[in-house]
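This report looks at how a ligand is held by a protein chain and at how that chain is divided. Please keep the sequence and the structure at hand while reading.

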Amino acid sequence: MTTVAIALAERISLISESSTMKVAAAADKLRRQGVDVVDFGAGEPDFPTPDNIKEAAVQALRDNFTKYTPAGGTQELKEAICERHAKDYGTAYKTNECIVTVGGKHVIFNLMQVLVNPGDEVVIPVPYWVTYKDVVNYAGGKCVFVDTDEDAGFTLTAGMIAPHLTSRTKIVLINSPSNPSGGVLSREEFEKIYQLTSSRGIFLMTDECYCRFLYDEEPFSIAAMPGGKENVIVAGSLSKTYAMTGWRIGFGLAPAPVISAIGKLQSHMTSNPTSIAQKAAVEALRGPQESVGVMLAEYRRRRDYVIARLRAMSGVKINEPKGAFYAYPNISVAFGKNGIHSAMDFSEKLLDQAKVAVVPGEAFGTDKHVRISYATSMEELKRGLDRIETFLKELR
Ligand SMILES: Cc1ncc(COP(=O)(O)O)c(C=O)c1O
């Protein structure tokens, strides 16, 4: 067979495949071969979507709500998003400041496309969610990475950000609670960062994907600050909050010109998010919210178990996650043993020898950590952590 060289557009070389998706594929391949893999790679709730939400989608089907909707989402859903955000956080968005997207990833991609010019800088704290770097690069922007303090739970301060701001800084992007570290920015520090960015005309983008999953603090949105609507951009998602990863509903809250620019882009790209998923999303946002608390309580129970187990493993350093459902242990104690010199080596050997899938820290900008998702059952957590413990003990 001859291989034909295909000249792909240069811009596609600016991004690489999501490494979290790669881990999922490697674990899945083993599983299909009949191997008993414990999967800590998946960043999605193991809970089913609550019944009332599923019922709303079924009803939408019965009602033949199966046609195009406006590209930026139905008026009904935009109203429900603004209402929920107002109830939860005290904001006052109008529907022309809101857009519905095909998941949270989509809104972040679109925001970068409509805001970032070639050479514009986007400040991103490390560790960061895997997608940020690629979507900024794809828009022609420049990522400016800011280290956080691992010893203090990967904390970030306004003082750490300030030296990285330049005349080209367009956006400071904050994800709290953080994927992958579970770190949470205190309200006080978030407000200081807001003062810093808004005083310099820089957008503060807040990825609120895990906002409802906080263990110690009450959920808040920095968009509720006075002047927040002009200076803050919210990237939101229903994926984790309502266990709706497959439904693909996210949203953006931003100044109206930003929203209408995304609307234009979306009108030529995806058109509307799936009509019946939009009806389900209205029910998620307006219906009973108890399921969120039930999930949070279960995540807390699992977090406590995972952290206690990791703390008992000699040489492993771990910060207690304050939100989301990930633990991000420093596993550099394994370096120099069994040919392991990086988190990537560690993850490959762990999957190969102990049949446990974790995501290597390189995906998130650090090379001494792995991400363990505890959005899985206690039984699976026990099985996987037993294997990790044995793997570490047997390293020579
Ligand atoms: C930090 C963060 N933001 C946004 C998303 C986007 O999620 P989705 O596209 O499923 O809404 C994810 C998903 O893993 C995430 O971890």
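In this predicted model, a polar side-chain atom of aspartate 207 lies 2.6 Å from a nitrogen atom of the ligand. Two further side chains, those of tyrosine 210 and arginine 248, each place an N or O atom close to an oxygen atom of the ligand, at the distances listed here.

| Residue | Ligand atom | Distance |
|---|---|---|
| Aspartate 207 | nitrogen | 2.6 Å |
| Tyrosine 210 | oxygen | 2.8 Å |
| Arginine 248 | oxygen | 2.7 Å |

On its own the ligand has 390 Å² of accessible area, and the protein covers 92% of that area. The place that the ligand occupies is the largest pocket.

Around the ligand there are 14 residues, of which Gly104, Asn179, Asp207, Ser237 and Lys240 come nearest. When the residues of this shell are sorted by character, 4 are nonpolar, 6 are polar and 4 are charged.

Turning to the chain as a whole, its division gives domain 1, made up of 10-48 and 291-394, and domain 2, which runs over 67-286. Between the C-alpha centres of domain 1 and domain 2 there are 25 Å, and where the two domains meet, 38 residues of domain 1 are in contact with 32 residues of domain 2.

Methods. Residues numbered from 1 in each chain as written. Predicted model: local features only at pLDDT ≥ 70, side-chain atom pairs only at ≥ 80, totals over all residues. Heavy atoms only, no water. Near = heavy atom within 4 Å. Polar contact = N/O pair within 3.5 Å; in protein donor to acceptor, adjacent residues only side chain to side chain. Areas by Shrake-Rupley, 256 points an atom, 1.4 Å probe, with all protein chains shown as cover. 1 Å grid on protein atoms, 1.4 Å probe; cavity = no way out; pocket = protein on both sides within 12 Å on 5 of 7 lines; lining within 4 Å. Sits in = over half its atoms within 2 Å of the grid points. Nonpolar A, V, L, I, M, F, W, Y, C, P; charged D, E, K, R; others polar. Domains from an automatic or database assignment. Contact = heavy atoms within 4.5 Å.
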